[in-house]
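Please open the structure in the viewer and follow the stops below in order. Each stop names what to select and then describes what is found there.

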Amino acid sequence: QALAALVGGGFLSSLRVALDFHTPAQVIVGHALGVASACLWRWLGEAHALPALQPGSWNACCLYVGTGALSCLFAGHALL
């Protein structure tokens with residue numbers, strides 16, 4: 001899965017440069033910021049959010065339903 005994400009990200013990044021949406025330097029900085037953000041969110045999630053989520057609890061249910069709903073709303077907004 002990680003390899004597929006890396007290959008897909010590299011492909012989409014090369015498209016951004018090929019279509020003159022960004023320069024290579026902008027793409028590299030974007031990747032660095034994205035990795036830093038992902039690492040921070042993972043650390044925060046493991047340190048604070050996951051301990052509060054017991055399997056089958058209302059907290060977990062609300063998190064999963066909310067995440068799914070927001071993802072669908074974002075996809076709908078992006079596609080329309």
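## The whole chain

Begin with the entire chain displayed: of its 80 residues, 8% count as buried. The model is a predicted one. Its accessible surface comes to about 6,800 Å², and carbon and sulfur atoms account for 76% of that area.

Colour the chain by secondary structure next. Three helices and zero strands appear, and from the N terminus on the elements run α-α-α. The radius of gyration is 17 Å, well over the 12 Å that the globule rule gives for 80 residues, so the chain is more spread out than a compact globule. Along the principal axes, the C-alpha atoms fill a box of roughly 45 × 30 × 20 Å.

## Helix α1 and the loop after it

Select residues 2–18, which form α1. At 1.5 Å a residue, the 17 residues of this helix should span 24 Å, and the end C-alpha atoms are indeed 24 Å apart. How many of the 17 residues of α1 are buried? The count is one, and α1 is accordingly described as hardly covered.

Move on to Asp-20, in the loop between α1 and α2. Most residues other than glycine have a negative phi. Asp-20 is not a glycine, yet its phi is positive, at about 60 degrees. This residue counts as exposed, with a relative accessibility of 69%.

## Helix α2

Now select residues 24–52, the extent of helix α2. The expected span for its 29 residues, at 1.5 Å a residue, is 42 Å; the end C-alpha atoms lie 41 Å apart, which agrees. Where is the kink in α2 centred? The centre is Gly-45, and the kink amounts to about 45 degrees.

Display the side chains of Arg-42 and Glu-46. Side chains of opposite charge can pair when their charged atoms come close. Here the side chains of Glu-46 and Arg-42 meet in a salt bridge, with 3.1 Å from N to O. A search of the whole structure finds one salt bridge. The two residues are four apart in helix α2, and therefore about one helical turn separates them. An α-helix has 3.6 residues a turn, so residues three or four places apart point the same way. Is each partner exposed or partly exposed? Glu-46 counts as partly exposed, at 42% relative accessibility, whereas Arg-42 counts as exposed, at 58%.

Remain in helix α2 and select His-48. This residue counts as exposed, at 54% relative accessibility. Add Trp-58 to the selection and draw a distance between the two C-alpha atoms: His-48 and Trp-58 are 16 Å apart in space and ten residues apart in sequence.

## The cysteines

For the last stop, select Cys-61 and Cys-62. A disulfide is a covalent bond between the sulfur atoms of two cysteines. How many disulfides does a search of the whole structure find? The result is zero. For Cys-61, the closest cysteine sulfur is that of Cys-62, at 5.6 Å, which is too far for a bond; the cut-off for a disulfide is a pair of sulfur atoms within 2.5 Å. Cys-61 itself is partly exposed, with a relative accessible area of 36%.

Note on methods. Residues are numbered from 1 along each chain as its sequence is written. This is a predicted model: local features need pLDDT of at least 70, side-chain atom pairs count only at pLDDT 80 or more; totals for chains, interfaces and linings use all residues. Side-chain values use heavy atoms; hydrogens and water are left out. The radius of gyration is taken over C-alpha atoms; the globule rule is 2.2 Å times the number of residues to the power 0.38. Buried means under 20% relative accessible area, exposed over 50%, partly exposed in between (1.4 Å probe, protein chains only). Accessible areas come from the Shrake-Rupley method with a 1.4 Å probe; for residues, only the protein chains shown count as cover. A salt bridge is a side-chain nitrogen of Lys or Arg within 4 Å of a carboxyl oxygen of Asp or Glu. The expected span of a helix is 1.5 Å times one less than its number of residues. The bend at a residue is the angle between axes fitted to the seven residues ending there and the seven starting there.
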